[in-house]
Amino acid sequence: MQFQQLQYFVAVAETRHFTRAADLVHVAQPSLSQQIKALERELGADLFLRARGNITLTDAGEALLPLARRILADADTARHEVLELVQLRSGRVRLGATPSVCTGLLPDVLRAFHDRYPGIRLMIEEGGSHDLVRELARGALDLALIVLPLPTPSPALTSVELLREDLVVVSSPDAPKPGHGRRAVRIADLEGERLVMFRHGYDLRELTVAACRAEGFEPDFAVEGGEMDAVLGFVRAGLGLAVVPRMVAARSGRGLRVTPLARPGLHRTIALAHRSDVAPPRAARELQRMLLER
């Protein structure tokens with residue numbers, strides 16, 4: 001099995017077309033087809049069902065695809081690792097983070113990293129913790145900032161807690177004060193309030209909904225389905241309240257009233273994760289150090 005054959009296989013699997021795959025990897029289509037057939041002979045199984053105008057993966061192809069992607073991703077990481085050995089003057093870091101972490105924690109750290117290593121490209125992917133864990137596992141990310149605990153812990157990942165952050169209630173200054181004007185809002189006070197809620201898959205959504213149900217009520221959504229910036233904008237417009245991290249509220253406080261939650265409140269734990277079986281590239285390890293020392 002050759003590395004190049006895996007490249008060709010993944011290209012065909014993703015395009016479902018031999019000619020388009022050949023264009024993608026810059027090789028003649030007959031050469032690509034020959035290499036795919038050679039790979040199939042090596043493995044002793046067909047990888048594609050070939051019908052006119054319809055290319056689909058066989059069961060063997062479905063089994064090989066995630067492994068091939070991981071091998072290619074690891075090889076790509078190895079190339080960048082070598083490039084970064086020259087005093088971190090070039091290279092990249094692929095960092096995943098939840099949108100609220102991108103808004104609250106990352107700007108200052110990434111600015112400091114960029115000032116120190118201007119030649120390193122920072123590639124940021126936003127997503128929910130579940131999606132980021134999946135991207136880490138398949139080698140598409142070097143590091144990820146995720147929210148703990150994960151419903152299904154992954155033994156393939158190593159994580160270290162970075163910070164524990166309070167959640168607060170934000171509302172429009174023109175709207176009535178939440179919690180009947182008290183200095184701190186109880187979760188029970190959110191019953192009957194209209195909430196601006198994040199989209200499904202957002203860690204903050206799951207945490208807020210679970211807290212409301214623990215108090216015996218279902219939250220009432222005025223608007224749902226937004227990302228962080230949209231949620232804050234809807235709150236400023238007076239559409240409802242939202243529960244957000246304190247760090248986000250502090251950075252986005254203009255036009256927002258911020259009210260703490262009464263004890264015991266709500267908290268979330270942010271952790272920095274990477275694959276257990278592969279050490280992060282050198283540039284990623286330097287960003288990791290800066291995040292842990294922030």
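Here are some notes on the N-terminal helices and on Ser100 in this predicted model.

1. Let's start with helix α1, which covers residues 3–15. Does its length make sense? With 13 residues at 1.5 Å each, the expected span is 18 Å, and the C-alpha atoms at the two ends sit 19 Å apart, so the two values agree.

2. Much of what I'd look at in α1 is its buried set: Gln5, Leu6, Tyr8, Phe9, Val10, Ala11, Val12 and Ala13. When you read that list, keep in mind that an α-helix has 3.6 residues a turn, so residues three or four places apart point the same way. Just past the end of α1, Arg16 has a positive phi of about 55°.

3. Next, the packing of α1 against helix α2 (residues 18–25): the angle is about 130° and the axes are 8 Å apart. Oblique is therefore the right word for this pair, since 130° falls outside the ranges for roughly parallel (under 35 degrees), roughly perpendicular (65 to 115) and roughly antiparallel (over 145). The crossing of α1 and α2 is right-handed. On the α1 side the contact uses Gln7, Tyr8, Ala11, Val12 and Thr15, while α2 brings Phe18, Arg20, Ala21, Leu24 and Val25.

4. How does α1 sit against α3 (residues 29–43)? Their axes are 9 Å apart and the packing angle is about 105°, which makes the two helices roughly perpendicular. Here α1 contributes Gln5, Leu6, Tyr8, Phe9 and Val12, and α3 contributes Leu32, Gln35, Ile36, Ala38 and Leu39. Tyr8 and Val12 of α1 take part in this contact and also in the one with α2; both residues are buried.

5. Staying with α3, is Arg41 buried or exposed? Arg41 lies in this helix and has a relative accessible area of 64%, so it counts as exposed. Its C-alpha atom is 21 Å from that of Val25, a residue 16 places away along the chain. Val25 is one of the α2 residues in the contact with α1.

6. Finally, Ser100, which belongs to helix α5 (residues 99–104). Its relative accessibility is 2%, so it counts as buried; the cut-off is under 20%. Which side chain does the Ser100 side chain meet in a polar contact? The partner is Arg268, at 2.7 Å. Leaving aside residues up to four places away in sequence, Ser100 touches Tyr202, Leu204, Met228, Pro245, Val248 and Arg268. Arg268 is thus worth displaying alongside Ser100 when you look at this site.

Technical notes. Residues numbered from 1 in each chain as written. Predicted model: local features only at pLDDT ≥ 70, side-chain atom pairs only at ≥ 80, totals over all residues. Heavy atoms only, no water. Helix = DSSP H or I, 4+ residues; strand = E, 2+ residues; numbered from the N terminus. Buried < 20%, exposed > 50% of the residue type's maximum accessible area, 1.4 Å probe, protein only. Polar contact = N/O pair within 3.5 Å; in protein donor to acceptor, adjacent residues only side chain to side chain. Contact = heavy atoms within 4.5 Å. Expected span 1.5 Å × (residues − 1). Axes fitted to C-alpha atoms, helices over the stretch in contact; angles between N-to-C directions. Left-handed = near helix turned anticlockwise from the far one by under 90°.
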